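Here are some exercises to work through with the model open beside you. Try each task before you read its solution.

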Amino acid sequence: MSRSVNRREAFERLAGFLLASPLLLGAEKPELADSTKLANVFDFRELAKSLLDPVAFDYMDEGGKDEISLKENRLAFNRIILRPRFLTDVHQIDLTTELLGKKLDYPLFVCPAGGKNCFFRNGEEETARGAAAAGAMFVTNGGIDDYLASGNGPGHWWRYTTGGQFRTENTMLDFVEGLEDTDCTGICFTVDNMLVSHRERSIHNGLVRGWCNLDRIPRDSAGNLIYSAGDRTWTTGEYPSRPFPTPTWDTVKRLRDATELKIMLKGIMIGEDVEKAVGAGADAVVVSNHGARQLDHTGSTIEALPECVQAAAGKMPVLIDGGFRRGTDILKALALGAAAVGVARPYLWGLTCFGREGVARVLQLLKTELALDMGMSGVAKVADIDRTLARIRNWGYTGGRL
Ligand SMILES: Cc1cc2nc3c(=O)[nH]c(=O)nc-3n(C[C@H](O)[C@H](O)[C@H](O)COP(=O)(O)O)c2cc1C
């Protein structure tokens, strides 16, 4: 029997144990202490898939339309190879770095994600508590002001918006003034979902997006989905329109004038937009295709990174997210000039399986993988990672674990 079969069997035994556990049947979640055989974030994904209602899992997992960019977000990492340097002292690895004048314990952050409640009860706060325990920078979707004000929240957090609050001067001022009274670092303004894409797994599943705010997908005792009056399923064939003008670069300039808080634009994919972000007074950009959930055929984010870093020309940090699952993925992005790397689905898998402990565990796994991969590449500090550590090859996609 091959070694991989043995590992798989071992994992299946663990998953079977967790699923049969009385902890899970009557209660919230299995115990993380039982999870030492979850060796990487993909193992968390498998366990999360086995625990979640398939409609909720598809909502988390899916991408836009044909999911081409979803696959490419992962596959593109195979086109970048690492150039390890040896005989350097790597007995201690230092992951600390700085972002916009604030120290980060490690260059990894927790991306915003809507609908966390259908993965775990009180999901936003559970995630924030996990991020705080893991010492990670956190971007919140909101709704947990009391916890964030308690002093026990993540030390470095941002408030996410798609700009709904920026429609009038008054609503913009209300929004920023509310944040200025807190220890919020800044505003993470997502720019890539002014219109919402077709996510066809959820359309086929008959998902009502409001369910993602509930604790679980509503089903009757026979397992059928329960629809209530007024529920709208996600659909295709409706001509896109929004009731109000969507934000523009002028909105970013107005926001800049309205607040001293940092402004980070998330969802940038081209160098020209990085230049506009600099011109509009933003402090940072996140190269992101929304986890490939919005426009399909954008290519991967890691492919977009070099042109965005070049366009930033050192005037602002360039962060990135999309498909990061391994320490080597993070290392490659840092080598190509990213200031920090964000994840969403990996911590959502941890959240689904174990609540806050799962979020923290997933972040810790990625952090330790990064440290090990740095050490094995001959770099002992984040500051020593540079472009010479990576080579981009043009051999096309070569397969690998999605
Ligand atoms: C279930 C889910 C919900 C998301 N909701 C939001 C959101 O509300 N706002 C946003 O800017 N990005 C959202 N994203 C995108 C993430 O912030 C992030 O850009 C992306 O998922 C990172 O890629 P990864 O999931 O492969 O790590 C969501 C992603 C997922 C998986």
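The exercises below go from the barrel to the helices, the core and the ligand.

This is a predicted model, in which local features need pLDDT of at least 70, side-chain atom pairs count only at pLDDT 80 or more, and totals for chains, interfaces and linings use all residues. Residues are numbered from 1 along each chain as its sequence is written.

**Exercise 1. Which strands form the closed barrel, and what is the average twist from one strand to the next?**

Solution. Step one is to list the strands: helices (H or I, at least four residues) and strands (E, at least two) are DSSP runs, numbered from the N terminus. Step two is pairing, where two strands pair if DSSP finds at least two bridges between them. Following the pairs gives a closed barrel of 8 strands, β4-β5-β6-β7-β8-β9-β10-β11, with parallel pairing. The twist from one strand to the next averages 30 degrees, with axes being lines fitted to C-alpha atoms, for helices over the stretch in contact, and angles running from 0 to 180 degrees between N-to-C directions.

**Exercise 2. Walk from β5 to β9 and state how many bridges join each pair.**

Solution. Start with β5 (residues 137–140), which pairs with β6 (residues 157–161) over 3 bridges. Here F138 has W157 as its bridge partner, and V139 has W158. Next, β6 is joined to β7 (residues 186–190) by 4 bridges, with R159 partnered by I187. Then β7 and β8 pair over 5 bridges, and C188 finds its partner in M264. Finally, β8 and β9 (residues 284–287) share 4 bridges, with M264 opposite A284.

**Exercise 3. Why do β6, β8 and α4 count as largely enclosed?**

Solution. First fix the term: a residue is buried if 20 or more other C-beta atoms lie within 10 Å of its own, exposed if 12 or fewer, and partly exposed in between, with C-beta atoms placed from the backbone. In β6, 4 of the 5 residues are buried, so the strand is largely enclosed by the rest of the structure. For β8 (residues 262–268), the count is 6 of the 7 residues, so this strand is largely enclosed too. Helix α4 (residues 54–61) has 6 of its 8 residues buried, so the helix is also largely enclosed. Those residues are V55, A56, F57, Y59, M60 and D61. They pack against α3 (41–51), α9 (200–205) and α14 (345–354), where contact requires C-beta atoms, placed from the backbone, within 7 Å.

**Exercise 4. Is A333 buried or exposed, and which residues does A333 touch?**

Solution. Locate A333 in helix α13 (residues 327–335). A333 counts as buried because 30 C-beta neighbours lie inside 10 Å. Not counting residues up to four places away in sequence, A333 touches I302, L305, I320, A338 and V341.

**Exercise 5. Which residues touch the most other members of the largest nonpolar core?**

Solution. A nonpolar core is a set of buried Ala, Val, Leu, Ile, Met, Phe, Trp, Tyr and Cys residues joined through C-beta atoms within 7 Å. The largest such core has 105 residues, and V285, C308 and A338 touch the most other members. Helix α15 (residues 356–377) gives the largest share of this core, 8 residues.

**Exercise 6. Which residues come nearest to the ligand?**

Solution. Take residues whose C-beta atom, placed from the backbone, lies within 6 Å of the ligand. There are 23 residues around the ligand, and C111, G114, T190, G291 and A344 come nearest.

Terms used. Two residues are in contact if their C-beta atoms, placed from the backbone, lie within 7 Å.
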